[in-house]
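Hi,

Here is the structure I promised to pass on to you. Have a look at it first, and then read on for what I found in it.

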Amino acid sequence: MKKIIIPLFLSLFVFASCGDDFDEMNKSKTSITESSLQAGPLLGRAMYYGSSADHQRNFNLFDDMYAHYLSPMGLGGTNQYVYNAGWGDIFWRDFYTARQREFLEVKALCEGKDDMKAVSAMNDIWNVIMWLRIVDRNGDAPYKDAEGNYAGMGNTIPYNSQEEIYADLLARLKADSDALSNTDGQIGIDNYDMVYSNDFAKWRKLANTLIMRLSMRVSGTSLAETAKTYYQGAKDLAMSSASDYARISCDSSVWGDYYDRTYYDWANTIPEDCFMSVLNGTNKGYATGVADPRRAIWFEAGDLKSTTGNQWDGYPNGTIENGTDAAVTKAHGGNNSGNSSSYARLNCSTKEGFFFFDFHNSANQNLSWCYATYSEALFLKAEAILRGWDTGDAESVWKQGIRASMDEIAYFITRSGGSTTISSSAYNEYVNALPAFGSSNEEKLRSIAIQKWIALFPNSVEAWAEIRRTGYPGVYDGTVELPMYNSGAQVEKGNIIQRMPYPENELQTNEARMPEDFRSSGSKFKYRTQYGLFWSQAALHHGGTLKATDVPQNF
Amino acid sequence: MVWNGGSVNVTLTEDNELLDEVVVTALGISREKKSLGYAVQDVKADQIARSGTATLTDALQGKVAGLQINNSGTGAGGSTRIVLRGNSSLSDNNEPMYVIDGVPYDTGGHDIDGQAGLWGGVDRASGAFDINPEDVESVSVLKGPTAAALYGSRAGNGVILITTKKGGRADGKIGVTYSGKFTWSPVSYYLDLQDTWGQGDNGEVGTTSENSWGARMSSGTMVPAWWDSSVQVPYMGTKNPFTEYYRTGNMQSNNVTIQGGNEGNPFRLTIGHDDTQSIIKPTRLDKTSIDFVSSNKVTDWFGIDVKANYVKTIGNNRQTRGAYGATYYINKIPRSITMESLKANEFDASRPGEYIEDNYYGPDAEHQNVYFLQDQFNNKDVQNKFFGMAALNFQFTKDLKLRVKEGYDWTGFTVNYSWPYQDPVFTGHYPGVEERKYTRIEENTEALLSWNHKYGDFDLGASAGGNIMRYHYDDLWSEGRSIALQGAQFIAAGTTIHASNYVSEKQVNSVYGFANIGYKDWLYLDLTARNDWSSTLPKDNRSYFYPSVSLSALLTSAADAYGINYNHDVIDYGKVRFSWAKVGKDTDPYQLESTYSTTTGANGYIFIEQPTTMANANLKPEMSDSYEIGTEWHFFKNRLGLDLTYYNTVTKNQIMSVAMNYASGVQNKWINAGKITNRGLELTFNADFIRNRNWTVGTTVNFSKNWNKVNELTEDLKMYELGHMTGYSGIYVYAIEGESLGKIYGYKYRRDDNGNKIIGSDGLPLRDASQEIGDINPNFTGSFSLNASYKNLGLNALFSFQNGGDLYSVTEYSAAIHGTAKRTENRDQMVVEGVNESGTANTVAISAQKYWTNAVDEEFIYNAGYLKLSELSLSYSFNPDFVNRITKGVVENARFSVFGSNLLYLVKHTPGTTPDGSLTDTSIYATAFDMCPYPGSRTFGFSLTLGF
């Protein structure tokens with residue numbers, strides 16, 4: 001019997017020590033490798049995730065507040081300039097580890113394919129939008145090398161200056177616009193183009209509108225002359241109608257997307273007092289006495305009259321300390337107990353609302369995230385006229401911008417079956433009640449900037465950038481000290497936030513390459529969010545930082 | 001009648017019994033304990049039986065030196081975290097391996113509901129829960145890698161070796177045993193709350209506030225009701241919301257065993273049923289187990305062993321734990337809100353038929369009606385687990401034998417959820433249903449050829465064997481969301497439907513051999529060697545080899561052999577031992593190649609997702625290197641025993657995921673790096689103070705001290721994050737080079753050089769930078785037991801203790817900022833002691849509300865040390881003659897015992913909660929937090945064993 005058993009046993013050793021099928025076994029069966037990548041699912045994800053996904057932590061808790069559009073009522077902290085890295089670092093993280101990779105992968109897929117030049121340009125334009133957010137939030141950033149061979153770079157990634165990045169982004173947009181000048185025979189990305197449904201002409205308009213935006217941003221810097229040239233090449237190719245808006249439809253069934261969760265849960269979407277008082281026509285620095293016709297589309301009135309007797313109250317940013325203000329704690333959007341908000345809130349409850357959604361309907365097309373609009377192009381043009389970059393009557397272009405803004409809202413609503421449009425008479429009543437356009441360039445710019453700020457809503461990313469660049473609107477009009485401060489803040493008391501801090505990941509893994517002043521031993525580290533970016537006219541005219549009481553100076 | 005419950009009396013061990021004590025070691029090989037060069041500690045059936053705990057792992061608590069057990073804060077059926085000799089792995093791979101009757105047993109949990117236990121999710125326990133304590137004959141704990149060098153990869157953290165009862169009786173008859181156990185677990189340990197101040201802010205009544213910073217409560221003060229402002233209610237809440245919301249848990253366990261067969265062919269069949277009602281109302285667990293073992297000696301040279309074990313566990317409506325679990329919400333309910341009002345008004349009465357949740361505030365993610373949660377979160381899990389083996393034993397000659405064994409462990413798990421109502425928190429989801437099914441299979445095919453021979457003074461043994469381990473995991477998940485059809489609770493009714501699947505496979509082939517040489521019954525040398533080939537490692541690093549050596553010298557036997565004199569009345573037994581081992585560890589499947597996953601994203605798009613962790617095609621196996629020295633002595637006819645071990649384990653080449661610079665395109669990267677040392681002392685001491693015909697009184701002490709150090713991380717990483725909590729506070733848990741593993745970081749108050757707090761102009765103390773505020777590692781842990789018996793009556797008490805170690809109480813923090821914690825009871829204006837920035841004493845008074853809502857992390861760090869009476873039992877074995885007589889021969893023996901567990905904390909620092917029962921998952925970093933667990937319970941019960 002031993003004769004059988006022992007060879008049998010020894011054969012087990014032979015079997016045990018081989019593992020030829022191990023390589024195959026250790027390949028995942030439920031994921032794909034690089035060879036299966038396609039442009040649509042990559043670029044589509046870049047579009048959706050670069051905008052509405054994780055919206056609260058990416059946008060609402062920072063830009064929405066810094067732009068003074070919304071207040072995170074009940075949530076002390078970020079509205080008092082205390083940075084929460086667990087939220088604020090997410091955009092940077094996802095940008096470098098996902099958006100940028102998606103961009104590079106799509107770029108590689110388009111390479112050498114004659115019918116994918118348009119897709120390549122779309123991909124590039126989208127990437128510029130993403131880069132703009134990084135550079136406008138943080139200033140200098142890893143740019144050139146991050147674009148290249150990321151995997152091999154390890155933890156030693158050099159930085160590029162804001163100026164370098166801006167110059168390159170402008171050049172890229174110009175090249176994209178040129179590439180889109182002839183799109184015969186070009187294929188798209190099917191339904192993954194959630195911005196323009198493969199309408200290449202509109203992508204080209206977007207590229208040129210962005211050129212106007214970027215060049216105006218650097219109009220007060222050493223790049224001004226180059227920017228002027230770019231502007232002049234773009235102005236006639238930019239958006240030309242309200243229907244040219246660039247927007248993405250959000251999906252209210254996706255948890256955490258856009259305003260659905262924030263609205264219902266945490267009341268982070270109460271309009272900010274400053275914004276609301278401007279819409280109400282009661283802001284002392286911009287008193288019109290007439291309610292803005294856009295107000296009732298963006299927002300709805302509080303159900304109960306608040307102590308001031310105004311159902312259209314906004315909530316001032318920065319005052320609440322962990323909900324200790326008893327008068328406001330119950331003022332809470334989404335409250336189902338019958339005691340509803342005493343403050344105005346995002347208009348989510350009627351079909352006419354800009355943000356209309358209904359959580360029984362899984363995919364409501366009305367939710368949208370806006371990137372660029374015709375009205376913005378008009379306000380840019382109005383400013384360009386003041387700067388001598390463009391010709392025409394600044395005031396009438398400014399009024400066209402206001403009209404376009406009102407038209408855009410109607411587009412969003414009619415697109416989903418609503419019928420509200422803003423009538424000519426409502427427009428006229430509003431425009432006639434506005435404070436005078438102004439006589440000096442500085443006064444005119446203030447008029448343009450405030451209307452642009454209103455029209456940009458809800459694009460708080462761009463709104464915050466423009467507030468920092470121009471100093472307008474001076475949110476409390478210089479008469480009240482900004483309350484957005486607490487002891488943990490990363491700005492000195494009285495200053496207005498100018499940038500986001502570098503993520504903790506950067507400090508931990510790449511500190512030696514960061515700008516010296518912003519390293520943990522650097523001179524600007526302690527109050528690192530108060531120093532203006534290179535294009536911030538408002539801050540630069542006041543020594544690099546800006547107080548709420550400082551008077552803007554743009555010319 | 002054979003009774004397997006074991007003896008209550010402390011065994012009167014004689015010298016020769018000490019020498020012959022046999023323990024089960026690696027690969028199921030029984031060895032004389034004296035010949036082992038490493039520490040093995042046994043827990044016997046009777047120690048398990050008398051603990052009265054529902055699970056085997058709970059029963060091990062306090063019985064083994066160096067075994068640290070943390071219970072989950074999730075009540076019955078929750079997970080347990082077991083670590084032997086300290087944490088050694090940064091990737092949370094610190095659990096020991098379980099082996100039952102020589103077959104690896106899968107204890108993988110069903111932690112499928114949340115990524116991290118701190119943030120909600122449901123604890124569906126681990127496989128260790130399915131081991132019926134009734135079936136267990138003994139548990140051998142092989143502590144270090146030395147003991148486990150033959151088990152390979154998974155045994156690096158030690159092995160819990162379980163031997164089940166085999167049945168059989170000398171007379172060859174069939175015997176039947178019944179045992180029943182009944183327990184009650186009242187809600188006993190929960191956060192201390194203040195009972196003076198009601199809903200409101202700034203000392204004033206505020207019926208729309210989320211806080212309890214209001215006025216003094218009084219039943220005479222009438223205020224508008226939160227659910228209907230036209231109704232007036234007293235400004236007075238429920239005195240104890242915890243006992244009001246939670247209930248007394250209970251369990252009943254019934255087991256029937258049939259066994260028989262003669263000496264050579266025993267069999268045993270047990271059928272058991274446990275019915276457990278958790279302290280949280282809708283949760284009920286139902287477990288049925290069948291265990292069959294049989295041995296058959298077919299011929300002189302051939303025999304068959306069979307084991308088949310089937311367990312079906314049904315978990316009904318297990319509830320969310322940690323943040324977003326019931327305790328999390330109860331902790332902050334203003335003290336003037338009654339629990340009855342929440343129960344009666346969980347739905348908004350003004351919108352009848354719509355079933356809209358209502359609450360005193362919100363409702364929103366931070367404020368949910370706890371009674372609504374019970375009705376909304378319906379779930380049921382069913383686990384079918386089959387575990388078994390068949391072994392063929394060949395005895396070729398007296399010296400040579402072969403054992404070929406196939407072990408099979410199959411787990412089928414299904415969980416379904418339904419949320420019948422809309423939910424203000426998960427808008428866009430509910431009503432909805434979700435279902436997940438998976439199977440997990442592990443097969444082990446093993447052969448072992450063994451040879452033994454005695455040449456003169458030498459006992460020689462050699463074995464060689466091989467094992468093939470195959471692992472397969474197959475998972476299917478689906479959900480139907482936003483169901484519009486009222487009452488429909490199935491996937492197809494969803495207006496959006498998602499599904500996904502996942503498959504994971506792994507194989508490890510191994511060959512091993514070992515040799516043992518015994519010389520003159522006093523000196524023993526063991527050598528082992530093993531080589532593994534793992535499918536999860538790259539081709540070049542797939543094969544890894546690891547050896548071990550151990551030496552045992554019986555000083556007393558040597559003295560006898562060489563005629564050296566010593567006092568035999570004093571010294572019974574003395575031994576010194578030494579061992580050294582290396583153990584290799586592989587990794588999880590699919591870490592070598594970066595792949596992209598796909599998801600159905602917003603608006604129905606299929607998106608391609610980037611991998612966030614960079615794969616590493618050159619991973620190497622982890623290696624740990626350890627040695628231990630120990631000595632064991634028995635004195636005075638074994639009335640005194642002492643066992644002391646010193647160990648040192650160095651874990652190198654850890655496979656860990658390290659943070660990358662984001663601009664590199666990935667968040668993390670798999671690398672081999674790091675070096676972690678655990679060294680420590682383990683001491684077991686036992687003494688019988690009295691030992692005579694009727695009485696025995698004795699004690700056993702277990703003590704262990706572990707020093708843990710992170711020697712190296714990586715070249716450019718000196719702090720490795722094990723986990724963090726943001727949003728509430730910025731608490732991080734780190735491995736820091738040069739420090740012990742598990743430093744807790746958070747904010748402290750700013751202090752001047754003299755240690756005075758620096759107070760800002762607003763009267764609030766200023767916050768300093770984030771820094772170390774605690775360390776999860778205890779200074780030492782242990783237990784002592786007192787055992788006394790008089791005739792057939794036995795009394796056992798077990799005390800367990802931990803000294804040091806820190807814990808951050810999120811439980812108290814979340815209550816303190818809402819003014820419900822006991823700590824906030826003093827509402828006088830306070831002047832915080834300290835100086836302002838110019839150095840003069842602070843004089844600015846602030847309210848308690850202002851102080852507590854701005855309190856920083858250091859306020860909520862607690863010493864996790866404790867001393868508790870963990871077990872107390874009294875048992876009586878009836879005289880067999882008496883039992884026989886009164887039952888007219890039906891019952892042959894009977895035993896009755898009453899017991900209690902987790903009875904009393906004699907020392908404890910946490911504010912009402914327990915320091916050792918608040919775990920929310922089994923990761924290292926979870927041990928740093930007390931994150932709103934279900935309340936802790938005392939357990940009382942009785943058990944009855946009848947032999948027929």
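Let's start with a sheet in chain B: it is open, has five strands in the order 3-8-9-6-7, and its pairing is mixed. The edges are strand 3 (40-44) and strand 7 (103-105) of chain B, each of which pairs on one side only. On average, neighbouring strands in this sheet are turned by 25° against each other, direction ignored. Before you go further, bear in mind that this is a predicted model.

Now walk through the sheet from the strand 7 edge. Strand 7 of chain B pairs with strand 6 (residues 97-100) of chain B in the antiparallel sense, over three bridges. One pair to look for is B:Val99, whose bridge partner in strand 7 is B:Pro104. Strand 6 of chain B also pairs with strand 9 of chain B, this time in the parallel sense and over four bridges. There, B:Ile100 has B:Ile162 of strand 9 as its bridge partner. Strand 9 of chain B is joined to strand 8 (residues 136-142) of chain B as well, by six bridges, and these two run antiparallel. Here B:Val139 is the residue opposite B:Ile162, so to speak of B:Ile162 is to speak of a residue that also partners B:Ile100. As general background, strands of a sheet pair through backbone hydrogen bonds, either parallel or antiparallel.

How many of the residues of strand 9 (residues 159-164) of chain B are buried? Six of six, which makes the strand mostly covered. Both of its faces are covered: B:Val159, B:Leu161 and B:Thr163 are buried on one side, and B:Ile160, B:Ile162 and B:Thr164 on the other.

Just along the chain you'll find B:Ala155, in the loop between helix 4 (145-148) and strand 9 of chain B. Is B:Ala155 buried or exposed? The cut-off for buried is 20 or more other C-beta atoms within 10 Å, and B:Ala155 has 23 C-beta neighbours inside 10 Å, so it counts as buried. Try finding B:Gly584 from there: B:Ala155 and B:Gly584 are 429 residues apart in sequence, yet their C-alpha atoms are 9.0 Å apart in space.

There is more strand pairing further along chain B. Strand 47 (residues 866-877) of chain B pairs with strand 41 (residues 793-803) of chain B in the antiparallel sense, over ten bridges. Strand 47 of chain B also pairs with strand 48 (residues 893-908) of chain B, again antiparallel, over eleven bridges. B:Tyr866 is a handy marker here: it is the bridge partner of B:Gln802, and it stands opposite B:Lys908 in strand 48.

On to chain A, which has 23 helices and six strands. Of its 555 residues, 57% are buried. Counting contacts in chain A between residues at least 6 apart in sequence, 74% join residues at least 24 apart.

One helix pair in chain A is worth a look. Helix 3 (residues 39-49) and helix 7 (residues 90-110) of chain A pack at an angle of about 150°, with axes 9 Å apart, and their crossing is left-handed. On the helix 3 side the contact includes A:Leu42, A:Leu43 and A:Tyr49, and on the helix 7 side it includes A:Ala98, A:Phe103 and A:Leu109. Sorted by type, the residues of this contact are ten nonpolar, no polar and five charged.

Helix 17 (residues 374-386) of chain A offers a small check. At 1.5 Å a residue, its 13 residues should span 18 Å, and the end C-alpha atoms are 19 Å apart, which agrees. Twelve of those 13 residues are buried, so the helix is largely enclosed by the rest of the structure. Among the buried ones are A:Tyr374, A:Phe379 and A:Lys381. A:Gly388 follows helix 17 of chain A, with a positive phi near 75°.

Last, helix 21 (residues 460-470) of chain A is mostly covered, with eleven of its eleven residues buried; A:Trp464 and A:Arg468 are among them. These buried residues pack against several helices of chain A, including helix 8 (117-138), helix 11 (200-217) and helix 20 (441-456). After helix 21 of chain A comes A:Gly471, whose phi is positive, near 80°.

Best wishes

Conventions:
Residues are numbered from 1 along each chain as its sequence is written. Chains are lettered from A and ligands numbered from 1 in the order in which they are written. This is a predicted model: local features need pLDDT of at least 70, side-chain atom pairs count only at pLDDT 80 or more; totals for chains, interfaces and linings use all residues. Axes are lines fitted to C-alpha atoms, for helices over the stretch in contact, and angles run from 0 to 180 degrees between N-to-C directions. A crossing is left-handed if the near helix is turned anticlockwise from the far one by less than a right angle, and right-handed if clockwise. Two residues are in contact if their C-beta atoms, placed from the backbone, lie within 7 Å. Ala, Val, Leu, Ile, Met, Phe, Trp, Tyr, Cys and Pro count as nonpolar, Asp, Glu, Lys and Arg as charged, and the others, Gly among them, as polar. The expected span of a helix is 1.5 Å times one less than its number of residues. Two strands pair if DSSP finds at least two bridges between them.
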